[in-house]
Amino acid sequence: MDKLTDMKKKSLIIIFLLLVKLVSAQDRLHLTDSLRRVGNYNLAINYHLLLYKAEPNYSSNIYNMACCYSLLKNNDSAFYYLNIAMDVGQNDAWALADYDLNNLHSDKRWIEIEKRLEKIYKEKDTTINVQLGWELSKMYNEDQAPRFTYDDIIIKYGRKSPQMDSLFAFLNKTDSIHRLKLEEIINKYGFPNKFLVGAEAANQAFIIILHAPLEYQKKYFKLIEEAVNKGDIDKQSMAYLTDKILTKEGKKQLYGTQLKYSEKTASYEFQPIEDEKNVNSRRSQMGMNSIEEYAKSFRMNYKQ
């Protein structure tokens, strides 16, 4: 039995090494991510280690391996690989909000991770208000991290489940805090433009508005329009905000950015689009890809 088990392990290693050569780096990481998402952390780590040996500077792979160790409550290995990941480039504020690393927050070593990430950010940043940029970066990642768990919770517990209710309650609380913080920033500095905090942080500030209630979005619509016209944030931001407001008001959207989930078909579909035959022309003007390509990211086969 031991020999048979060893043969199986060797076969798995050979298969994985072949996959490493045949598929892209992103696809390789997807294989290990799939194992992590279903809770098979030990097997995921085995594959992460193989990929680490093949590509020792692949920061995303090392970071996700640290996440697996954290989920297994193996703090020593989690911190070890998290620091390596930071060394080779996985060193933004995402780690501070990542649910997979929550287990590490009560460990005294976590404070050093926070300090190191802030130090790295400030060393790379050359804008006027580095501290404000760092605060916006943390807010953005706190906004995004729970939203990245959305599909996983649906797969495990269902769309209408106590776990989804808890997620929405958490998002409402966090989003409310972020809106108040951003309002204070805008009142003090105006919209945080690229000269003040950099283009990345400026676009991150916009996300807080994009996820806000209708009244908040309408309040800052002109401010966002001015920021887009000045080149402080991407053109497509205006498209997303415009569509958000229109659909919330029960009107047809212009750029096809807003979808809804159909319980009947168990899939996503576009909310009504104004002058749908010319939607790609409008999307192109805003620097966006075609609606057909956009639909593929939601596993939709869109045809006008």
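1. **Main core.** In this predicted model, the largest nonpolar core has 66 residues. Those with the most contacts inside it are Leu82, Leu136, Leu182, Phe191 and Ile224. Helix H12, residues 199–210, gives the largest share of this core, 8 residues.

2. **Leu182 within that core.** Which residues does Leu182 touch, beyond those up to four places away in sequence? They are Leu136, Met139, Ala205, Ile208, Ile209 and Tyr216. Leu136 is also among the core residues with the most contacts. Leu182 itself is a buried residue of helix H10.

3. **Second core.** A separate core of 9 residues also exists. Leu259, Phe270, Ile273 and Tyr294 are included in it.

4. **Overall make-up.** The protein chain has 17 helices and 2 strands. Its C-alpha trace spans about 70 × 45 × 40 Å along the principal axes. Of the 304 residues, 44% are buried. Take the contacts between residues at least 6 apart in sequence: 59% of them join residues at least 24 apart.

5. **Surface and charge.** The chain exposes about 17,300 Å². Carbon and sulfur atoms supply 52% of that area. There are 44 positive and 40 negative charges. The mean positions of the two sets are 3 Å apart.

6. **Helix H10.** This helix runs over residues 162–189 and has 28 residues. From first C-alpha to last it reaches 40 Å, close to the 40 Å expected at 1.5 Å a residue. Its buried residues are Met164, Leu167, Leu171, Thr174, Asp175, His178, Arg179, Leu182, Glu183, Ile185 and Ile186. Note that Asp175, Arg179 and Glu183 are on that list. An α-helix has 3.6 residues a turn, so residues three or four places apart point the same way. What covers the buried residues of H10? The cover includes helix H8 (130–147), H9, H12, helix H13 (214–219) and helix H14 (221–229). After H10 comes Gly190, with a positive phi near 80°.

7. **Asp143, in helix H8.** Asp143 sits in helix H8. Is Asp143 buried or exposed? Asp143 counts as buried because its relative accessibility is 1%, and the cut-off for buried is under 20%. Leaving out residues up to four places away in sequence, Asp143 touches Leu171, Asp175, His178, Ile207, Ile208 and His211. Among these, Leu171, Asp175 and His178 are buried residues of H10.

8. **Arg147, also in H8.** Arg147 lies in helix H8 too. Arg147 is partly exposed, at a relative accessible area of 25%. Outside its neighbours up to four places away, Arg147 touches Leu171, Asp175 and His211. Asp143 touches Leu171, Asp175 and His211 as well. How far apart in space are Arg147 and Glu183? They are 22 Å apart, C-alpha to C-alpha, and 36 residues apart in sequence.

9. **Asp152, in helix H9.** Asp152 belongs to helix H9, residues 150–157. Asp152 is partly exposed, with a relative accessible area of 22%. The C-alpha atoms of Asp152 and Arg37 are separated by 7.1 Å. Along the chain these two are 115 residues apart.

10. **Helix H3.** Residues 41–54 form H3, a helix of 14 residues. Its reach from first C-alpha to last is 20 Å, close to the 20 Å expected at 1.5 Å a residue. Tyr41, Ala44, Ile45, Tyr47, His48, Leu50 and Leu51 are its buried residues.

11. **Gln258, a buried loop residue.** Gln258 lies in the loop between helix H15 (235–248) and strand E1 (259–262). Its relative accessible area is 10%, so Gln258 is buried. Not counting neighbours within four places, Gln258 contacts Tyr240, Asp243, Lys244, Thr247, Gln253, Phe270 and Gln271. Phe270 is one of the residues in the second core.

12. **Two positive phi values outside glycine.** Lys73 has phi near 65°. Lys73 is placed in the loop between helix H4 (59–71) and helix H5 (75–87). Lys73 counts as exposed, at 62% relative accessibility. Asp275 has phi near 45°. Asp275 is found in the loop between strand E2 (267–270) and helix H16 (279–285). At 34% relative accessibility, Asp275 counts as partly exposed.

Methods
Residues numbered from 1 in each chain as written. Predicted model: local features only at pLDDT ≥ 70, side-chain atom pairs only at ≥ 80, totals over all residues. Heavy atoms only, no water. Core = buried A, V, L, I, M, F, W, Y, C linked by side-chain atoms within 4.5 Å. Buried < 20%, exposed > 50% of the residue type's maximum accessible area, 1.4 Å probe, protein only. Helix = DSSP H or I, 4+ residues; strand = E, 2+ residues; numbered from the N terminus. Contact = heavy atoms within 4.5 Å. Areas by Shrake-Rupley, 256 points an atom, 1.4 Å probe, with all protein chains shown as cover. Lys, Arg positive; Asp, Glu negative; His and termini not counted. Charge placed at Lys NZ, Arg CZ, Asp CG, Glu CD. Expected span 1.5 Å × (residues − 1).
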